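Reader: Please take a close look at a single part of this model, and then show how it connects to the rest of the chain. I work as a computational chemist, so kindly state each cut-off where the term is used.

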Amino acid sequence: MSTRIPFLKGHGTENDFVIVPDPENAVELSPAAVAALCDRRAGIGGDGVLHVVRSAAHPEARGMAAEAEWFMDYRNADGSVAEMCGNGVRVFARYLQHAGHTTEGDLAIATRGGVKTVHIAKDGDITVGMGRARLPEGDVTVSVGGRSWPARNVNMGNPHAVAFVDDLADAGDLLSPPPFGPASAYPDGVNVEFVVDRGPRHVALRVHERGSGETRSCGTGACAVAVAAARRDGADPTATGTPATYTVDLPGGTLVITERPDGEIEMTGPAVIVAEGEIDAKWLETAAG
């Protein structure tokens, strides 16, 4: 391993990431190393790590290399592997543009949730094709402080439980994962969104992200919320034949989510690179234990 490892820091609606460019997949990022990088006091700080690898160089992405040159090897702040991160994809695309690997227009990015189509607009916003939502059957509940709410089970390549509440304060401090039931609904844990209405097709949320705690934003969570709200409002595009667009306010900013009649979901929002530098490889090795 080189003695210095390049990194960048970026965010999408304040969902922030440590970006590690590693085209040939030469940097070993153990769970402990990822957790050290994401530590906000002893490390760089972030909700996760975006490990930037050429698809052909990563065993999990080689099968997607013909469709997408780059693979987003995404890790949660605790070092666990995640299938997909919507804000992360936008920041990943912004990095590729920043590094000269792509320009304005369309590109494809490989993720563990499949190949995602991305459009970088001239005005700076980035739109990501998030695929279709799956709506598993069965009743789900989430709880905080002895209170429980029914939740909609929405899978966006990763699992979500969407609960509509009267006040975002009902979510409590979100320092620990809100209990859910039944346990069989989410055997690997779940991202939980607490949602209030702001106006017609306009909602706001707080989210506890599996493996990261409460975050300032969650792209797949915003998509899950828009889908759940559309079903609740009788605006299911696959049934009405009309696209449904929701404005979703998150603590870190605003995303616009559109579900098309074919079920495909598009997410539009900002992505910013704020800094770049180098990591001392010896520090990372020591910090990772």
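Author: The part chosen here begins at Thr13, which occupies the loop between strand E1 (4–12) and strand E2 (strands are DSSP runs of E with at least two residues, helices runs of H or I with at least four, numbered from the N terminus). The model is predicted: local features require pLDDT of at least 70 and side-chain atom pairs 80 or more, while totals for chains, interfaces and linings use all residues. Residues are numbered from 1 along each chain as its sequence is written, and side-chain values rest on heavy atoms, without hydrogens or water.

Although Thr13 is not a glycine, its phi is positive, at about 45 degrees. Thr13 is also buried, with a relative accessible area of 2% (buried means under 20%, exposed over 50%, partly exposed in between, with a 1.4 Å probe and protein chains only).

Asn25, in the loop between E2 and H1, likewise has a positive phi, of about 60 degrees, without being a glycine. Its relative accessibility is 26%, so Asn25 counts as partly exposed.

The loop that holds Asn25 leads to helix H1. In H1 (residues 31–38) the buried residues are Ala33, Val34, Ala36, Leu37 and Cys38. Their cover includes four strands, E2 (15–21), E3 (48–54), E4 and E18 (272–280), together with helix H5 (281–287), where contact means heavy atoms within 4.5 Å. E2 thus has a part in each site: the loop of Thr13 adjoins it, the loop of Asn25 adjoins it, and E2 belongs to the cover of H1.

Strand E4 leads on to the interior space. The structure holds one cavity of 30 Å³ or more, and the largest cavity has a volume of about 90 Å³ (on a 1 Å grid over the protein atoms alone, a cavity is a set of points where a 1.4 Å probe fits but cannot get out; points are joined across faces, edges and corners, and volume is the space filled by probe spheres set on them). Of its 14 lining residues (an atom within 4 Å of a point), Asn76, Met84, Asn158, Asn191 and Glu209 are the closest to the centre. Strand E4 (70–76) and helix H3 (219–232) are the elements that give two or more residues to this lining.

The largest pocket (an open set with protein on both sides within 12 Å along at least five of seven lines) has a volume of about 150 Å³. Its lining is formed by Leu135, Pro136, Glu137, Gly138, Asp139, Val140, Pro150, Ala151, Arg152 and Asn153. Strand E9 (residues 147–155) supplies the largest share of that lining, four residues.

One further backbone feature deserves mention. The peptide bond from Gly181 to Pro182 is cis, with omega near -5 degrees, and Pro182 lies in the loop between strand E11 (180–181) and strand E12 (191–199).

These sites belong to a chain with five helices and 18 strands. Its C-alpha trace spans about 55 × 40 × 30 Å along the principal axes. Of the 289 residues, 52% count as buried. Among contacts with a separation of 6 or more, 61% join residues 24 or more positions apart.
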